[in-house]
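Please open the model in your viewer, with selection by residue number ready to hand. The tour moves from the whole chain to individual helices and side chains, and each stop says what to select and what is found there.

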Amino acid sequence: MKYVKTCEVNMEKQKDVNILRTVIMLVLVLVVIPLLPILISGRWGWWQAWVMAAVFLLSFLVSRALAVRRTPDILKERANYDRHENTQPWDKWLSPLVAFGTVFILLAVGLEVRLQGPAGFSLPVEMLGLGLMLAGNMFASYAFVENAYFSGTVRIQEERGHKVISSGPYQWVRHPGYAGGLTANLGMPLLLNSVWAFIPVVLIGIALIIRTRLEDRFLQGNLPGYREYAQKVRYRLLPGIW
């Protein structure tokens with residue numbers, strides 16, 4: 001009886017921890033991260049930053065709403081990304097680096113504007129940046145909704161019946177989520193008038209390419225049918241290039 005009560009208490013504590021963790025993550029993702037350039041620079045009238053925040057939030061909320069309707073357990077899979085025992089060792093450091101890459105970009109933007117002011121890009125350049133952001137977020141969201149196994153880490157999801165996805169954007173490139181993220185990252189410095197932000201953009205781009213290569217090699221060797229899929233869809237990340 002005492003053992004049962006102890007287990008119940010531990011389960012309640014774990015439940016409370018999970019709720020607190022979820023709340024903190026939601027505040028970070030929905031408030032702090034989108035508004036990071038404004039919070040750091042103190043420029044509350046910065047319309048480009050507000051547009052970026054709106055695009056960020058809408059992409060996040062709409063993609064998750066659509067994905068849950070199609071794959072009800074996808075958010076649970078992604079929320080527990082750091083608890084899976086069969087995550088590939090190299091992805092334990094690549095995954096958070098890629099996942100929070102946007103934070104480093106926005107941090108660089110905020111610091112540059114605060115310390116020396118915006119770079120002074122023209123309106124057409126800013127609009128190009130906005131276009132890249134929109135296109136990248138839409139492409140990545142399409143991949144997220146289409147792929148029921150769009151996990152936060154690289155692993156074979158045997159408990160979820162993991163299989164190859166070849167529909168939607170996966171018929172054009174093998175890793176459309178990364179391709180969309182890379183495109184959106186390139187647009188952010190242009191929209192937000194930042195030269196400094198291109199430094200983390202390049203570094204995150206390198207990390208994305210490394211992760212794509214490692215993940216693709218892992219899937220070809222461990223996910224049934226993926227090698228055949230890779231022979232049909234030639235390009236991993238950049239259509240017509242790689």
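What follows is a walk through a predicted model, stop by stop.

**The whole chain**

Begin with a cartoon of the entire protein, in which the secondary structure comes to ten helices and zero strands, so that what you trace from one end to the other is the pattern α-α-α-α-α-α-α-α-α-α. If you then colour by accessibility, 45% of the 242 residues count as buried. A contact map would add that, among contacts between residues at least 6 apart in sequence, 79% join residues at least 24 apart.

**Helices α8 and α9**

Select residues 176-191 for α8 and residues 198-222 for α9, and look at how their axes, which come within 10 Å, cross at roughly 175°. An angle over 145 degrees counts as roughly antiparallel, and α8 and α9 are therefore roughly antiparallel to each other. Now show the side chains of the contact: on the α8 side these belong to Tyr178, Leu182, Asn185, Leu186, Pro189 and Leu190, and they meet Phe198, Val201, Ile204, Gly205, Leu208, Arg211, Thr212 and Glu215 of α9. Sorted by class, this contact of α8 with α9 comprises nine nonpolar, three polar and two charged residues.

Before leaving the pair, select Asn193, which lies in the loop between α8 and α9. Its phi is near 55°, a positive value in a residue other than glycine, and Asn193 is buried, with a relative accessible area of 5%.

Then step back into helix α8 and pick Thr183, which is partly exposed at a relative accessible area of 26%. Leaving aside residues up to four places away in sequence, Thr183 touches Leu132 and Gly136. A distance label drawn from the C-alpha atom of Thr183 to that of Leu134 should read 9.0 Å, although the two residues are 49 apart along the chain.

**Helix α5**

Next select residues 91-99, which form helix α5, and colour Asp91, Leu94, Ser95 and Val98, the buried residues of this helix. These four cover an arc of only 100° around the axis, which puts them on the same side of α5. An α-helix has 3.6 residues a turn, so residues three or four places apart point the same way. On the face turned away from the buried side, show Lys92 and Trp93, which are exposed. What do the buried residues of α5 pack against? Add α6 (101-116) and α9 to the selection, and both packing partners are in view.

**From α5 to α9 by a salt bridge**

Keep Asp91 displayed and add Arg211, since their side chains meet in a salt bridge, with 2.7 Å from N to O. The pair links distant parts of the chain, Asp91 in helix α5 and Arg211 in helix α9, 120 residues apart. Asp91 counts as buried at 0% relative accessibility, and Arg211 is likewise buried, with a relative accessible area of 5%. Arg211 was already on display at the previous helix pair, as one of the α9 residues in the contact with α8.

**The other salt bridges**

The structure holds six salt bridges, and two more of them deserve a stop. Select Asp73 and Arg160, whose side chains meet in a salt bridge of 2.9 Å, N to O. Asp73 lies in the loop between α3 (47-70) and α4 (74-79) and Arg160 in the loop between α7 (123-146) and α8, so the pair ties together parts that are 87 residues apart in sequence. Is each partner buried or partly exposed? Asp73, at 33% relative accessibility, counts as partly exposed, whereas Arg160, at 16%, counts as buried.

Finally, select Arg155 and Glu77, which form a salt bridge with 2.8 Å from N to O. Here Arg155 lies in the loop between α7 and α8 and Glu77 in helix α4, so the pair ties together parts that are 78 residues apart in sequence. Both Arg155 and Glu77 are buried. Extend the selection to Glu159 to end the tour, because Glu77, Arg155 and Glu159 are linked in a network of salt bridges, a salt bridge being a side-chain nitrogen of Lys or Arg within 4 Å of a carboxyl oxygen of Asp or Glu.

Definitions and conventions
Residues numbered from 1 in each chain as written. Predicted model: local features only at pLDDT ≥ 70, side-chain atom pairs only at ≥ 80, totals over all residues. Heavy atoms only, no water. Axes fitted to C-alpha atoms, helices over the stretch in contact; angles between N-to-C directions. Helix = DSSP H or I, 4+ residues; strand = E, 2+ residues; numbered from the N terminus. Parallel < 35°, antiparallel > 145°, perpendicular 65-115°, else oblique. Contact = heavy atoms within 4.5 Å. Nonpolar A, V, L, I, M, F, W, Y, C, P; charged D, E, K, R; others polar. Buried < 20%, exposed > 50% of the residue type's maximum accessible area, 1.4 Å probe, protein only. Arc of directions from axis to C-beta.
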